[in-house]
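Good morning, and thank you for the opportunity to present. I shall go through one protein chain, taking single residues, then the nonpolar cores, and finally the space enclosed inside.

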Amino acid sequence: MNSDKSVNILLIEDSPGDVELTREALSNGSFKHQLDVVCDGEEALFFLNKQGKYYNAKTPDLILLDLNMPRKDGLEVLKEIRSSSLLKAIPVIILTTSNSELDILKCYDYFANSYFVKPVDLNEFFDVIRAIEDFWFNIATLPIIAN
């Protein structure tokens, strides 16, 4: 990916600490980005569908999705993203504390692009974010999604 292009990332995460860690890890990255954050699944769907206060939201190039959230969990959000003709091409990376084999299987059943268990160690967490960044923005070719 051209490092001059800015990418739009949507982080769907209810933990303020994990939001800040992700923000910090991305700020140390090698690409320009716009990070939007929503703290639960319902807000995520409002954002993605440009409803209410999100009517002007940019469609993300990549979604980082936690599974364990209030109001609507990550798996429900993933199902809705994958059932939408407008959203289904957006890469969705699961970034969660769950290492449950059932959660992993369900996420891949609903076409998650990858699944990462959040490391407890700060340096390992940063390494995971850098690996996601490197793969999705330096190696993979992303679809162009209309805003």
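I begin with D18, in a model that is predicted. Leaving out residues up to four places away in sequence, D18 touches E13, K118 and F125. With K118 there is also a polar contact, formed between the two side chains at 2.8 Å. D18 itself is part of helix α1, which covers residues 16-27.

Is D18 buried or exposed? Its relative accessibility is 17%. Buried means under 20%, so D18 counts as buried.

Let me turn to the aromatic rings. A pair of such rings is described by two quantities, the distance of the centres and the angle of the planes. How many aromatic pairs does a search of the whole structure find? The search finds two. In the pair of F135 and W136, the ring centres are 5.0 Å apart and the planes stand at 85°. An angle over 60 degrees counts as edge-to-face, so this pair is edge-to-face. As for accessibility, W136 is buried, at 11%, whereas F135, at 38%, is partly exposed.

I come now to the nonpolar cores. In soluble globular proteins, nonpolar side chains tend to be buried together. Here the largest nonpolar core contains 25 residues, and those with the most contacts inside it are I12, I63, L65, L78, I94 and C107. Which elements give two or more residues to this core? They are the strands β1 (7-12), β3 (62-65) and β4 (92-96), together with the helices α2 (41-48) and α3 (74-82).

I63 deserves a moment of our attention. Setting aside its neighbours within four places in sequence, I63 is in contact with L10, I12, L48, I81, I90, P91, V92 and I93. A second core, of 21 residues, lies apart from the largest one, and its members include F126, W136, F137 and A140. W136 thus appears both in this core and in the edge-to-face pair described earlier.

My last topic is the enclosed space. Searching the whole structure gives one cavity of 30 Å³ or more. The largest cavity holds about 40 Å³ of space. Which residues line it? The lining consists of I9, L26, F31, L62, L64, I129, I132, E133 and F137. At least two of these residues come from β3, and at least two from α5 (122-139). The largest share belongs to α5, which supplies four residues. F137 therefore belongs both to the lining of this cavity and to the core of 21 residues.

Thank you for your attention.

Methods: Residues numbered from 1 in each chain as written. Predicted model: local features only at pLDDT ≥ 70, side-chain atom pairs only at ≥ 80, totals over all residues. Heavy atoms only, no water. Buried < 20%, exposed > 50% of the residue type's maximum accessible area, 1.4 Å probe, protein only. Polar contact = N/O pair within 3.5 Å; in protein donor to acceptor, adjacent residues only side chain to side chain. Contact = heavy atoms within 4.5 Å. Phe/Tyr/Trp six-rings, centres within 6.5 Å; stacked < 30°, edge-to-face > 60°. Core = buried A, V, L, I, M, F, W, Y, C linked by side-chain atoms within 4.5 Å. 1 Å grid on protein atoms, 1.4 Å probe; cavity = no way out; pocket = protein on both sides within 12 Å on 5 of 7 lines; lining within 4 Å. Points joined across faces, edges and corners; volume = space filled by probe spheres on them.
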